[in-house]
Every structure is written in C-alpha cells, then in structure tokens.
Amino acid sequence: MSNIVRDSDVVEVSEPPYFNFGEKVKAKRVIRNDGTYAGKEIGEILAKKGEIGYVVSIGTFLQQFYIYGVEFTESGNRVGMKRKELESAIPRDEEDIPLPPVPGAPRA
C-alpha cells in the first residue's frame, strides 16, 4: 500500500532543538519537492546532498519533530527539514570554543 516510514517512537520536542538559529548545516541527502514547495515541480531537486545552508527558522510538526527552515546558499531555496536530514557543517566540538573576554567588560 504505502512506503511511508513513520518515526512514531521519536518525540524530539521534549528536548531543546538540536540545531540553532543561524547555524551552518548541510543536507545529508538530496531533497526533492514532495508537492509542498510552491513554484517547483514535484520531484524537482530543492537541495543537493552536501549543499550548505543556514537555519533561519525552527518550528514543529505533529507535536513530535522539530522542522528546521534552512536557507540553502547555492540553490537559494528555503526548505523545511528534519534533524535526520541535516548535519552540522562545523564539527560540534569546534563550535563550543569560548569567545575571548571583552576588554573593560565585568567578569561573570
């Protein structure tokens, strides 16, 4: 009947979003229009595997998943994607480097 895979056991919204606003991410696979992207044909490529983009919005779907609005720089498309379709373009251990102190600023 249907080849739709449901992640019914996954509830991401019980935790904070994995990606942050402005975070540089890349597509883990080719993303095609499933009919929900206006102005493009069904099946048309919206993002190529490995294409770099930035998280511009974070929403939810079915009170279960975070949907990350990603603006892809090469194609110019803004696509809603699940966490499993994305990966950080910058390794996480490199992102957590603290900023140097600002001269004259009070210390915490």
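Reader: Is Ser 14 buried or exposed?

Author: The model is predicted, and each value discussed here is computed from it. A residue counts as exposed when its relative accessible area is over 50%. Ser 14 has a relative accessible area of 56%, so Ser 14 is exposed. This residue sits in the segment before β1 (24–27).

Reader: How should Lys 84 be classed, given its relative accessibility?

Author: The class between buried and exposed is called partly exposed. Lys 84 belongs to that class because its relative accessibility is 48%. Its place is the loop between β6 (78–81) and β7 (86–88).

Reader: What separates the C-alpha atoms of Lys 84 and Arg 29?

Author: Separation along the chain and separation in space are to be read as two values. Lys 84 and Arg 29 are 55 residues apart along the chain, while their C-alpha atoms are separated by 9.8 Å. For Ser 14 and Gln 63, the chain separation is 49 residues and the C-alpha separation is 9.3 Å.

Reader: Which residues of the largest nonpolar core touch the most other members?

Author: A nonpolar core is a set of buried residues joined through side-chain atoms. The largest one here has 14 residues, and those touching the most other members are Tyr 68, Val 70, Phe 72, Met 81 and Leu 86. At least two residues of this core come from each of β1, β3 (45–47), β5 (65–72) and β6. The largest share, four residues, is supplied by β5.

Reader: Which residues does Phe 72 touch, leaving aside those up to four places away in sequence?

Author: With those set aside, Phe 72 touches Ala 27, Ala 47, Glu 51, Ile 52, Gly 53, Asn 77, Val 79 and Met 81.

Note on methods:
Residues numbered from 1 in each chain as written. Predicted model: local features only at pLDDT ≥ 70, side-chain atom pairs only at ≥ 80, totals over all residues. Heavy atoms only, no water. Buried < 20%, exposed > 50% of the residue type's maximum accessible area, 1.4 Å probe, protein only. Core = buried A, V, L, I, M, F, W, Y, C linked by side-chain atoms within 4.5 Å. Contact = heavy atoms within 4.5 Å.
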